Amino acid sequence: MRTRLMAAETMSPRETDRPVAGWRQLIRDLCYLLPGMPLAIVSFVVMIAGLALGIGLFLLAFLGLVILALTLLAARRFAMAERARVGVLEGRAVGPVYYRPTTGRALARLLGHLRDPQSWRDWLHGVVILPVRVLTWSLTMACVGICVGLTPLILISWLVSGGGGFRGLPRGLALMLRGLATVEASVAWALLTNEGAAWRARAEELGRSRQAVVQAEADTLRRVERDIHDGPQQRLVRLTMDLQSAQRRLNDDPQAAGPLVDGALKQTQEALAELRALSRGIAPPILTDRGLRAALAAAAARNPIPTTVDVHLGGDERLPASVENAAYFVVTESLANAAKHSDATRCDVSVIAGTTGDAEGRAVSVLHVQVSDDGRGGAHIGKGHGLAGLTDRLAGVDGILDVHSPPAGGTTVTATIPLSR
């Protein structure tokens with residue numbers, strides 16, 4: 001499960017200097033301050049009316065809960081708009097902010113919204129901002145009125161004095177507007193961001209990822225142990241028995257020992273082949289020695305279904321080992337599932353390094369891995385299936401797995417793996 005982390009994850013309101021007063025900043029301050037009062041009135045009315053109506057209808061429990069949840073959702077929209085406005089004002093993203101993810105059916109999602117602390121902080125901002133803006137908007141309008149009223153006098157003084165006179169007045173008004181805008185923005189930073197909750201959510205996500213990776217490794221070890229027991233170990237037991245029989249017959253009947261030795265040699269070859277196959281499933285040497293491109297080509301060549309491979313890594317430089325391992329296992333597990341269950345006649349593998357936008361609109365380098373086939377479809381991520389293990393393995397590298405497999409429509413497995421975390 002991935003948490004919703006919005007805005008800059010590492011930026012706090014004090015890490016960068018606030019904008020200084022200037023003509024451009026003056027325009028931004030006015031564009032921020034002047035629409036503030038109408039927005040504050042609307043948000044205040046919606047917040048108070050929604051809370052009062054929700055509590056008033058609480059006896060009709062479900063209806064009251066719905067109204068409260070809708071009020072909090074409205075508060076979230078007002079908060080998003082205010083973060084965007086402050087972001088334009090200060091030229092930086094406002095955050096971080098964390099909303100608890102909601103899962104389950106309608107009632108569970110409804111209660112999830114009501115239990116979200118940040119949603120109530122959004123609601124509080126919608127209420128508190130009105131009295132703040134009554135003061136700041138009144139002073140803003142007074143400043144604007146003074147500037148408009150004194151404009152002719154300022155121009156005459158400027159012409160008469162050759163640029164002097166009233167020189168400090170515009171500067172003082174600009175500083176006052178800058179201060180008023182800073183007061184409003186500070187309220188947004190105080191109530192509409194929650195760095196502690198965002199970092200706690202990130203820590204919980206990393207804990208779940210670590211647990212998923214440990215579980216995936218344990219499942220892999222159990223699978224390898226089972227495969228060794230059912231395959232090479234049984235062949236080695238039979239090999240031992242054949243060699244013992246051949247040893248007993250060497251003196252009495254050398255002719256009869258020949259077929260036993262031939263059988264032992266065949267068992268040795270088959271055991272070695274199975275051990276090589278198992279080693280490819282654990283840590284293929286070709287991946288370590290020659291990289292992802294060569295390892296995927298070898299995996300496609302072993303697949304019984306005709307497979308095409310298209311790899312674009314953006315250069316000759318090797319990817320991080322954890323990313324290569326994750327991408328390799330996504331491809332090999334998907335191809336194995338297709339060979340076992342899909343009745344497909346063709347598989348296509350695409351691995352492309354590129355960029356994508358995150359929740360804050362920043363460009364992030366990722367590796368896109370896609371495996372598709374033309375089989376019968378119906379694949380899904382479920383307990384006991386190979387794709388569930390891929391989800392756990394990708395969690396260790398902050399990757400995301402998506403499976404699109406409609407009945408009779410083929411299967412497409414897509415993994416997105418960040419190249420830097």
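**Exercise 1. The largest nonpolar core**

Task: In this predicted model, find how many residues the largest nonpolar core has and which of them have the most contacts inside it.

Solution:
- Step 1: Begin with the size of the core, which is 33 residues.
- Step 2: Pick out the residues with the most contacts inside this core: Leu292, Tyr328, Val351, Leu367, Val369, Leu394 and Ile417.
- Step 3: Now look for the elements that give two or more residues to the core. They are helix 11 (292–302), helix 12, strand 4 (347–357), strand 5 (363–373), helix 13 (386–395) and strand 7 (411–418).
- Step 4: Helix 12 supplies the largest share, nine residues.
- Step 5: Keep this core apart from a second, separate one of 19 residues, which includes Ala79, Val97, Cys143 and Leu180.

As background, nonpolar side chains tend to be buried together in soluble globular proteins.

**Exercise 2. The surroundings of Leu367**

Task: Leaving aside neighbours within four places in sequence, list the residues in contact with Leu367.

Solution:
- Step 1: Select Leu367, one of the residues with the most contacts inside the largest core.
- Step 2: With those sequence neighbours set aside, read off its contacts: Leu292, Leu313, Leu319, Val323, Ala327, Val351, Ile352, Ala353, Ala415, Thr416, Ile417 and Leu419.
- Step 3: For the wider setting, take the contacts in the protein chain between residues at least 6 apart in sequence; 74% of them join residues at least 24 apart.

**Exercise 3. Helix 11 against helix 12**

Task: Work out how helix 11 and helix 12 are oriented to each other, starting from the angle at which they pack.

Solution:
- Step 1: Recall that two packed helices are described by the angle between their axes and the distance between the axes.
- Step 2: For helix 11 and helix 12 the angle is about 10°, and the axes are 10 Å apart.
- Step 3: Angles under 35 degrees count as roughly parallel, so helix 11 and helix 12 are roughly parallel to each other.
- Step 4: Next, see who meets whom. Helix 11 brings Leu292, Ala295, Leu296, Ala299 and Arg302, while helix 12 brings Glu324, Ala327, Tyr328, Val331, Thr332 and Leu335.
- Step 5: Sort the residues of this contact by kind: eight are nonpolar, one is polar and two are charged.

**Exercise 4. Two helices and their spans**

Task: Set the span of helix 12 beside its expected value, then do likewise for helix 2.

Solution:
- Step 1: Helix 12 runs over residues 321–342, has 22 residues and reaches 30 Å from its first C-alpha to its last. That is close to the 32 Å expected at 1.5 Å a residue.
- Step 2: Helix 2, residues 36–56, has 21 residues; its reach of 30 Å is close to the expected 30 Å.
- Step 3: While you are at helix 2, note its buried residues, among them Gly36, Ala40, Ser43, Met47 and Gly54.

**Exercise 5. Positive phi at two aspartates**

Task: Decide whether Asp343 is buried or exposed, and whether Asp398 is buried or exposed.

Solution:
- Step 1: Bear in mind that most residues other than glycine have a negative phi.
- Step 2: Asp343, though not a glycine, has a positive phi of about 55°. Asp343 comes just after helix 12, in the loop between helix 12 and strand 4.
- Step 3: Phi of Asp398 is also positive, near 60°. Asp398 sits in the loop between helix 13 and strand 6 (400–404).
- Step 4: The relative accessibility of Asp343 is 60%, so Asp343 counts as exposed. Asp398 is at 7% and therefore counts as buried.

**Exercise 6. Two threonines**

Task: Describe where Thr140 is found and where Thr345 is placed, then what each touches beyond residues up to four places away in sequence.

Solution:
- Step 1: Thr140 is in helix 5 (residues 117–161), and at 0% relative accessibility Thr140 counts as buried.
- Step 2: The residues Thr140 touches are Leu30, Leu33, Leu34, Leu177 and Leu180.
- Step 3: Thr345 belongs to the loop between helix 12 and strand 4; with a relative accessible area of 56%, Thr345 is exposed.
- Step 4: Thr345 touches Ile305, Pro306 and Asp374.
- Step 5: Finally, Thr345 and Asp373 are 28 residues apart along the chain, with 7.6 Å between their C-alpha atoms.

Terms used
Residues numbered from 1 in each chain as written. Predicted model: local features only at pLDDT ≥ 70, side-chain atom pairs only at ≥ 80, totals over all residues. Heavy atoms only, no water. Helix = DSSP H or I, 4+ residues; strand = E, 2+ residues; numbered from the N terminus. Expected span 1.5 Å × (residues − 1). Core = buried A, V, L, I, M, F, W, Y, C linked by side-chain atoms within 4.5 Å. Buried < 20%, exposed > 50% of the residue type's maximum accessible area, 1.4 Å probe, protein only. Contact = heavy atoms within 4.5 Å. Axes fitted to C-alpha atoms, helices over the stretch in contact; angles between N-to-C directions. Parallel < 35°, antiparallel > 145°, perpendicular 65-115°, else oblique. Nonpolar A, V, L, I, M, F, W, Y, C, P; charged D, E, K, R; others polar.
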